[in-house]
Number of protein chains: 2
Amino acid sequence: MTGGAAVTGGGAVTVGGLGEAGILRILNRRFAAVPAAGDWPEGTVGPGDDAAVVAAPDGRFVITTDAMAQDRDFRMAWPAADPRGSSAGAGGGFAGGYSTGWKAAAQNLSDVNAMGGDPSGLLLALTMPPTTPVEWIDGLAAGLAGAVIHLGADRCRVVGGDLGSDDRITLAVTATGDLAGRPAVRRTLSTGGFGGPGRGGSVRPPADGGDPGLDLVLCGRAGWAAAGLDVLDTRREELLCRLGAAERAGDSGVRRTAALASSAQLRPRPPLGAGRRAAESGALAMMDVSDGLLKDAGRLAAANGLRAELDADWVRSEARALEPLARTLDRDAEDWVSAGGEDYGILAVKPAGTGVPAGFRRVGRLVGRLPGGPAGPEQDTAQAPGGWDHFTGPLRSSRPQSG
Amino acid sequence: MTGGAAVTGGGAVTVGGLGEAGILRILNRRFAAVPAAGDWPEGTVGPGDDAAVVAAPDGRFVITTDAMAQDRDFRMAWPAADPRGSSAGAGGGFAGGYSTGWKAAAQNLSDVNAMGGDPSGLLLALTMPPTTPVEWIDGLAAGLAGAVIHLGADRCRVVGGDLGSDDRITLAVTATGDLAGRPAVRRTLSTGGFGGPGRGGSVRPPADGGDPGLDLVLCGRAGWAAAGLDVLDTRREELLCRLGAAERAGDSGVRRTAALASSAQLRPRPPLGAGRRAAESGALAMMDVSDGLLKDAGRLAAANGLRAELDADWVRSEARALEPLARTLDRDAEDWVSAGGEDYGILAVKPAGTGVPAGFRRVGRLVGRLPGGPAGPEQDTAQAPGGWDHFTGPLRSSRPQSG
């Protein structure tokens, strides 16, 4: 930020006049707020060189990357706070940048979580046009740092990045993590056995149609981010009209539900630490729910030559809190729960009868056997009855096959 | 590639019909050609899960990321091979995708090289429109794998990635590396001493105007990628006309120089291993030359409170091979050498009189002391007399201050 003008200009100041040096100053100021920012152990190297050097205490590291594009994965016009237009609360004053930064960090931290890891680093590759408001970029950096801080990734640093220019804004965030000596929990069932890795026993693939004895357990909510997207996609005047009508009809909590849902879309809260807890309690396979529960449970199942069944009672019960909002917007709350993505819960497979890890709920099971044996992750769309594909658009959304 | 149609369709087949699963199949087939692709040690996890788990044998890893945007950092219409329009040679049949993939890999492998590391992994975050030709994406993946193979990064795997849709293509590549127990060589002068890290002694900052005793040494060429960009930016008819005239005037090698220069731009060859060699021979500071020798040498100097002087004789001698091409295109070969970026050589600082590492040449020295002491990397543009800034455009290009 070159002097106070960039802060107080209220969106009029753009990055074009700053050059890379000025933009870097803005980003680095925000990233310095991360608790671990100042703490670079002997032998490691922080941002500012050609590359960073990050500690990997157990001789391995978890790594993942995600790209986000303007108007596809985020929108410049998204509100910083709730759908009533207030800019109070976290992110006020940063316009949509804060939420975009938060979400970019959250979805990558979630991937580390999904392997059972603890986040250690974030990298930001950012392209943007010279006309990008400085306020938006400042918000982006604050949101990225905010997610690290508020989601509790307290050993995670921003370790590097790259700036480039383009006609539109794209971000690619890379996250790294530590496993602290634990085996990673993969999508394919661990052969370490029912008691968890290293405790003996072996996975018995279920016979055709037989009881598989494999429960699907979830930590985190489902459907709220999808509901939030529908709230955010409704024109403001229409939204206020519909919310008012719902309140007059007796749905007194619908305005608060709408606010919570849009917050779930704008600033998702992956349950960091849940992946580690599931791993420690003997989860055999695991992933995060980013593209919708049906699609992702289908992927988890297909990777093991099985099918996923969601528990229809659970879907109904999970949908209950969203029903008034769904009525208000002419949507289906059970669709939100079963096919809606971006809540970033942790979906794990546990042997039936071995208990549910703290913070998790049983949401379904794995059954049967697909013809042709286990499928790789790239062969999953045929088995996925709902959710989102970036290139073909929405996949067929259907009610869960009840279990 | 879903059947032979996508291969033989000659650009008519687009990614829109494939879905993420089909695109992943294309990418993974190419990445499987990397020598280390099948070799995942115990405890590590390859692509296909939420995140990969990569070995870091000495308990640390090097990490860097770079973003590339269509029409800024690469062009869809770029030829696969040389400026005569032949599609023979590496990359033939892949259109511009091959060069784009190669370059994205090369510039990230170069950043690992610049810390003294050996590349261990690449991640690809890719956004593209559904109208992107399958051939182009197949070429992108082949080029990425091709760079890993032909640049000799023989322990580097493609460890993961992400796909998203956007109106234009952007790539963000992340690279990781091993230091095998060596200290990283940074832009700031090592305090480990003249004899190299751990060999005692200390760096003596030069007195004002005094002899600094710090040589700048370079491995790799300078100016060829910039010359290549000018070749590629010249209309084909005009280029052929100018090359013909130059040949008739006696510059018999100019056509070959143009081909080599455009190849240097399209498929740069960072000297992998040079960073490690410089580190082992006692380099005190190091970086790669991505934005131009004057700008990057200025950065290296400014990070230590010093100024960089390029050796005018060296610049003249390095420019000699490019002179006929420069005459042909009405450009200045010494400008290419001193201000042109993207050759990805390794620029290192050695104590004067301690010898030049194998494959390096002395190109200048560090002198004097800037007011205010060492500057961070974000404060460097004021000191950098040439090169490129993504947001303000070309910086002032001037002749090197002769040393």
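Here are some notes on this two-chain model, which is a predicted one, taking the interface before the sheets.

1. Start with how chain A and chain B meet. The contact draws on 71 residues from chain A and 71 residues from chain B. Putting the two together buries about 6200 Å², and carbon and sulfur atoms account for 56% of that area.

2. Next, the polar side of the interface. Ten salt bridges cross between chain A and chain B. One to look up on screen is B:Asp50 with A:Arg187, where the closest N and O atoms sit 3.2 Å apart. Polar contacts between the chains come to 25 residue pairs, counting those with both residues at pLDDT 80 or more.

3. Which strand gives the largest share of the side of chain A that touches chain B? That would be strand β2 of chain A (residues 60-69), with nine residues. By residue class, the side of chain A that touches chain B splits into 34 nonpolar, 20 polar and 17 charged.

4. β2(A) also takes part in strand pairing across the chains. Its partner is strand β1 of chain B (residues 52-55), and the two pair in the antiparallel sense over four bridges. If you want a residue to check, A:Arg60 has B:Ala55 in β1(B) as its bridge partner.

5. The reciprocal view brings in β1 of chain A, which sits in a sheet with strands of chain B. That sheet is open, with five strands in the order β1(A)-β2(B)-β5(B)-β3(B)-β4(B) and mixed pairing. The edges are β1 (52-55) of chain A and β4 (157-165) of chain B; each has a single partner strand, so one side of each is left without a neighbour in the sheet. Twist averages 20 degrees from one strand to the next.

6. Within that sheet, look at β3 (residues 118-128) and β5 (residues 170-178) of chain B. They pair in the antiparallel sense over nine bridges, with B:Asp118 partnered by B:Asp178 in β5(B). Two helices of chain B go with this sheet. Helix α2 (residues 19-31) packs on it, touching β3 and β4 of chain B, and its direction makes about 155 degrees with that of β4(B). Helix α4 (residues 134-150) lies across β3, β4 and β5 of chain B and runs at about 170 degrees to β3(B).

7. Chain A has an open sheet made from its own strands. The five strands run in the order β7-β9-β6-β10-β8, with antiparallel pairing. Why is one side of β7 and of β8 left without a neighbour in the sheet? Because β7 (285-288) and β8 (307-310) stand at the edges, each with a single partner strand. The twist here averages 30 degrees from one strand to the next.

8. For detail in the chain A sheet, follow β6 (residues 214-219) and β10 (residues 360-367). Six bridges join these antiparallel strands, and A:Cys219 stands opposite A:Phe360 in β10(A). Helix α10 of chain A (residues 312-319) packs on the sheet, touching β6, β8 and β10, with its direction at about 145 degrees to that of β10(A).

9. Last, salt bridges in general. Side chains of opposite charge can pair when their charged atoms come close. Over all chains the count is 54. An example within chain A is A:Arg276 with A:Asp118, whose closest N and O atoms are 2.6 Å apart. A:Arg276 lies in helix α8 (residues 274-280) and A:Asp118 in strand β3 (residues 118-128) of chain A, so the pair ties together parts that are 158 residues apart in sequence.

Technical notes. Residues are numbered from 1 along each chain as its sequence is written. Chains are lettered from A and ligands numbered from 1 in the order in which they are written. This is a predicted model: local features need pLDDT of at least 70, side-chain atom pairs count only at pLDDT 80 or more; totals for chains, interfaces and linings use all residues. Side-chain values use heavy atoms; hydrogens and water are left out. Contact means heavy atoms within 4.5 Å. Buried area is the accessible area (1.4 Å probe) that two parts lose on being put together, summed over both. A salt bridge is a side-chain nitrogen of Lys or Arg within 4 Å of a carboxyl oxygen of Asp or Glu. A polar contact is a pair of N or O atoms within 3.5 Å; within protein, one must be able to donate a hydrogen and the other to accept it, and residues adjacent in sequence count only if both atoms are side-chain atoms. Ala, Val, Leu, Ile, Met, Phe, Trp, Tyr, Cys and Pro count as nonpolar, Asp, Glu, Lys and Arg as charged, and the others, Gly among them, as polar. Two strands pair if DSSP finds at least two bridges between them. Axes are lines fitted to C-alpha atoms, for helices over the stretch in contact, and angles run from 0 to 180 degrees between N-to-C directions.
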